[in-house]
Amino acid sequence: MEYIYVAITATPCFTGRFIRTITNSAYNHVSICFEPSLREMYSFARRYKSTPFCGGFVRESSNRYRQKGRVAKLLLFKIPISDGEYADIENRLRHFIENNKDYVYNNLSAVMSLLHLKLKVRNSYTCVEFATEQLSRLSALRGRLKGDFYSIDSLKEALSPFLVYSGPFPTGNRGWGEDRFNRKLSLSDIIGEEYRDNKKLLSNFIVTVCPSFGEMMFPDRDKRNLKNKREKSKRKREGRTQ
């Protein structure tokens, strides 16, 4: 028997406190992980501390949850999964890791969530949307994840039978690993990151709601994606023959 862990947190930063205030919730973020140590978690969030309005798929270090002497509050859920389910989620996470640049944080849906609405956008997720998409495939949660919209509070309620820990985020510095959150950016880099991610979100939204108009506005988009996939496939084949 394998397990997947879901971490629902109240992050110790200004953005987290702001989200909790406007949503009237005690928690503001969701991540998934295969290890109870929470050494590396997976979610959709901002990539850098200095870019609050853009983000994407991230491999989170536990250091995100300890900032300037403040420690995040944590609810940890332990969910049993079969070997097949474990392999399926592992493959999906590998896809997100390998195609990281194709995905962005769904700011549009985050705003709509204040009205208890969900806005599906191609290759774009909030942390809750990402987590529930992975969890909805699990037999242990069959019948518990109902409906199309989930807030952090409703996800917390659905997972309540699997709660194994409630308290401060575990201490211990394990390094940043693949997480770029604490990397310092110049002002021009910050502006560039915000511009690129929000431009990509807008194009994803247009392609989602009106595919034909999206193809007209972004004619090279699918060609670039196809070219990238072919190049990655070629590199994999070359790696196997070496």
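Guide: Let us begin with a term: a helix here is a DSSP run (H or I) of at least four residues, and helices are numbered from the N terminus. The model we are looking at is predicted.

Visitor: What makes Arg 196 and Glu 193 a pair separated by about one helical turn?

Guide: Both residues belong to helix H6 and are 3 residues apart there, which means that about one helical turn separates them.

Visitor: Why is the meeting of Arg 196 and Glu 193 called a salt bridge?

Guide: The rule asks for a side-chain nitrogen of Lys or Arg within 4 Å of a carboxyl oxygen of Asp or Glu, and the N to O distance for Arg 196 and Glu 193 is 3.4 Å, so the pair satisfies the rule. In general, side chains of opposite charge can pair when their charged atoms come close. By this rule the count comes to 7 salt bridges.

Visitor: How do you know that Asp 197 and Arg 47 form a salt bridge, and which parts of the chain does the pair link?

Guide: The closest N and O atoms of Asp 197 and Arg 47 are 2.5 Å apart, and because the cut-off is 4 Å, this pair counts as a salt bridge too. The pair links distant parts of the chain, 150 residues apart, with Asp 197 in helix H6 (residues 187–209) and Arg 47 in the loop between E3 and strand E4 (56–61).

Visitor: Why are Asp 197 and Arg 47 called buried?

Guide: Buried means under 20% relative accessible area; Asp 197 has a value of 8%, and Arg 47 also has 8%, so both residues are on the buried side of the cut-off.

Visitor: What makes Arg 64 and Asp 179 a pair that ties parts of the chain together?

Guide: Arg 64 and Asp 179 form a salt bridge in which the closest N and O atoms are 2.7 Å apart. Arg 64 lies in the loop between E4 and strand E5 (66–67), while Asp 179 lies in the loop between strand E10 (163–168) and H6, so the salt bridge ties together parts that are 115 residues apart in sequence.

Visitor: Why is Ile 22 called partly exposed?

Guide: Partly exposed covers what falls between buried, under 20%, and exposed, over 50%; Ile 22 has a relative accessible area of 42%, so it belongs in between. Ile 22 lies in helix H1 (residues 14–23), and it is one of the residues of a nonpolar surface patch with about 680 Å² of accessible area together.

Visitor: What makes the phi of Asn 24 worth a remark?

Guide: Most residues other than glycine have a negative phi. Asn 24, which is not a glycine, has a positive phi of about 55°, and its place is in the loop between H1 and E2. With a relative accessible area of 70%, Asn 24 is exposed, because exposed means over 50%.

Visitor: What makes a set of residues a nonpolar core, and how many residues has the largest one?

Guide: The residues must be buried, belong to the nonpolar kinds, and be joined through side-chain atoms within 4.5 Å. The largest such core has 36 residues, and Ile 4 and Phe 130 are among those with the most contacts inside it. H4 gives the most to this core, with 5 residues. Apart from it lies another core, of 10 residues, including Tyr 5 and Phe 169.

How values were computed. Residues are numbered from 1 along each chain as its sequence is written. This is a predicted model: local features need pLDDT of at least 70, side-chain atom pairs count only at pLDDT 80 or more; totals for chains, interfaces and linings use all residues. Side-chain values use heavy atoms; hydrogens and water are left out. Buried means under 20% relative accessible area, exposed over 50%, partly exposed in between (1.4 Å probe, protein chains only). Helices (H or I, at least four residues) and strands (E, at least two) are DSSP runs, numbered from the N terminus. Patches are made of residues with over 30% relative accessible area and no salt bridge: like charges are joined within 9 Å, nonpolar side chains (Val, Leu, Ile, Met, Phe, Trp, Tyr) within 5 Å. Accessible areas come from the Shrake-Rupley method with a 1.4 Å probe; for residues, only the protein chains shown count as cover.
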